[in-house]
Amino acid sequence: MKTKETIFVIPTYRLRDVAETIEKYDDNFWVNGHAPKIIIFDDSSVANYEKYYQLLEQTKTVNDVFYVGPREKEQFINFLNQRLRDKKLESLVRNLFRPSYGGNRNFTLMYTLGHLMVSSDDDMRPDALIENSPESLLADEICRGKLFKSKQDGFVHRSYDLLTCFEDVLGQKVNMIPENFEKGELVVDTAMELETNTTKGFFKENSLFLQRSKVSNSAVVKIAQTFRTGTHDIDTLDFIHMYLNDENQISLDELNDIYVLVNFRPVVTNKNWRMDCGVAGYDNQFGLPPFFPTRLRFEDYIYRLWIQQEGIVAAHVDAAQNHIRNNYMRNPIASEIFNEEICNLLKKKIKNGIYELEDLTIKFDYSGEVTSQDSEEILERVGDIYNQVVKASISTQNEERRQSLQFFADNLSRVFYGFEPDFFQQNVSRIVDDVISQFQASLEIWPTLVEICYFQKDKKDLPQTRVRNKKLKSSNGNRF
């Protein structure tokens, strides 16, 4: 555990579709001279494991691939509970690692303790969409991107040496990272609210600007990320606006617009409200705080708060990756909007309640209350979208598009409890209260679990299965 080894992980709940992801990243590592351990962390049910695990065995890779699925996870949870020897804590442990966006990522943190970890989601690819004729950035501009039609010319796929980009900064003090990194307080997106990353509206183009500030040379880079193209890091509401603005798009599940980078450059910042765990790397040599164990999509928000401590910083590295947005096993669009609205509410409440940031956790005093004003603001915002969808369904001349719009409007009304204020407020209050109580309890026990796993890993690997897939060998620089 003294060696700063880099482990590459892919958290997934779509075992059926992860094989291509493995092969694409393995190829990127091989052509750039890397041989990392690759671990798949799978949130599938036992039934889906039995149905699709064979697809992993059919992959072809140079590097070893390991699998942590339902059986391995159960063994790991039993191990923790045996060490704790307290029946009252068993439900807390299970909650921390329950099938969810945050729960699955918490496995990745425990399994990579003592090392650097690079993580990519199952619908990411190790290349990026870059405009053919890159333009120069402004003085404080870190990145610029724009929407292209998917069948439009003017951009190319470009790949990067991902692991080298991450290893150049992770665990390094600021005075040791490459000199081409800009330095500042934080990065501001012209299309997003700063602290929640909620959209300001529908934009065809956006830029990231650096807010200048002194960055301590002795501060350590604990988290880093690449830039992202494809469907980028946008809200579900953006997809709705893109749909409403494209009369030729019939279904909401289609995507005719893709995000292309014009140019970008690396930066290190004291804060990082743009944290994107889908394309991130972590210095996990001495442990990190847990992701929020939630099915809501804001598991990484804890890192946006935690990184604000003195002595630690975040980086955007000199590379980009591509998001292909897999619709398989994805929640309906109306449900995604509901989840994002709850997430944004929780982000504001938790941030305002923060009173302590520690090495392995954070502390906040929000207890889960939701006011009538909170719920009314959500209903007003979503109600406006609902009205736009209904209006679009009346005005369109395409019968298929009309049906799609009407179906979405009906779903939106149902998911938001018919836009009935009292009913909506009551149900949201219950959801938020449950989520917050789970977070508070999980954060308290996490440091103890990190200590248990740290010492266990020094003696024996945590439960995992080596995938017996087809091994590619290299000879004279060729891969076959």
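In which strand does proline 11 lie? Proline 11 lies in strand 1, and the views below begin there. The model shown throughout is predicted.

**View 1. Strand 1, residues 6-12, and the burial of its side chains.**
Strand 1 is mostly covered, with seven of its seven residues buried. Its side chains point in two directions: Thr6, Phe8, Ile10 and Thr12 point one way, and Ile7, Val9 and Pro11 point the other way. The residues of both groups are buried.

**View 2. Strand 1 and its pairing with strand 2 and strand 5.**
Strand 1 pairs with strand 2 (residues 37-42) in the parallel sense, over six bridges. Within this pairing, isoleucine 7 has lysine 37 of strand 2 as its bridge partner. Strand 1 also runs parallel to strand 5 (residues 115-120), to which four bridges join it. On that side, valine 9 stands opposite serine 119 in strand 5. Strand 1 and strand 2 belong, together with helix 1 (residues 18-31), to a β-α-β unit, and this unit is right-handed.

**View 3. Surroundings of proline 11 in strand 1.**
Proline 11 has a relative accessibility of 8% and therefore counts as buried, the limit being under 20%. Not counting residues up to four places away in sequence, proline 11 touches Phe41, Asn104, Arg105, Ser119, Ser120, Asp121 and Asp122. Phenylalanine 416 is 405 residues from proline 11 along the chain. The C-alpha atoms of proline 11 and phenylalanine 416 are separated by 30 Å.

**View 4. The salt bridge between aspartate 121 and arginine 105.**
Two of the residues that proline 11 touches, Arg105 and Asp121, form a salt bridge with each other. The closest N and O atoms of this pair are 2.7 Å apart. Aspartate 121 lies in the loop between strand 5 and strand 6 (124-125) and arginine 105 in helix 5 (residues 101-111), so the salt bridge ties together parts that are 16 residues apart in sequence. Aspartate 121 counts as buried at 15% relative accessibility, and arginine 105 counts as buried at 7%.

**View 5. The salt bridge between glutamate 336 and arginine 297.**
In this salt bridge the closest N and O atoms are 3.9 Å apart. The pair links distant parts of the chain, 39 residues apart. Glutamate 336 lies in helix 9, while arginine 297 lies in the loop between strand 16 (279-284) and helix 8 (301-306). Glutamate 336 is buried, with a relative accessible area of 4%. Arginine 297, at 35% relative accessibility, counts as partly exposed.

**View 6. Lysine 347 in helix 9, residues 333-353.**
Which side chain of opposite charge is nearest to lysine 347? That side chain is aspartate 300, 6.4 Å away. Lysine 347 has no salt bridge, because a salt bridge requires a side-chain nitrogen within 4 Å of a carboxyl oxygen. Lysine 347 is nevertheless buried. Leaving aside its neighbours within four places in sequence, lysine 347 is in contact with Thr196, Phe298, Tyr301 and Arg304.

**View 7. The salt bridge between lysine 363 and glutamate 358, and a network of salt bridges.**
Lysine 363 forms a salt bridge with glutamate 358, and the closest N and O atoms are 3.3 Å apart. Lysine 363 is partly exposed, with a relative accessible area of 32%. Glutamate 358 is also partly exposed, with a relative accessible area of 24%. Elsewhere, salt bridges that share partners join Asp140, Glu182, Arg212 and Arg265 into one network. A search of the whole structure finds 32 salt bridges.

**View 8. Cysteine 165 and cysteine 343, each in no disulfide.**
How many disulfides does the structure hold? The structure holds zero disulfides. For cysteine 165, the nearest cysteine sulfur is that of cysteine 143, 14 Å away. For cysteine 343, the nearest cysteine sulfur is that of cysteine 277, at 12 Å. Cysteine 165 is buried, with a relative accessible area of 15%. Cysteine 343 also counts as buried, at 2% relative accessibility.

How values were computed
Residues numbered from 1 in each chain as written. Predicted model: local features only at pLDDT ≥ 70, side-chain atom pairs only at ≥ 80, totals over all residues. Heavy atoms only, no water. Buried < 20%, exposed > 50% of the residue type's maximum accessible area, 1.4 Å probe, protein only. Pairing = 2+ DSSP bridges. Right-handed = clockwise from strand over helix to strand, strands pointing away. Disulfide = S-S within 2.5 Å. Lys, Arg positive; Asp, Glu negative; His and termini not counted. Contact = heavy atoms within 4.5 Å.
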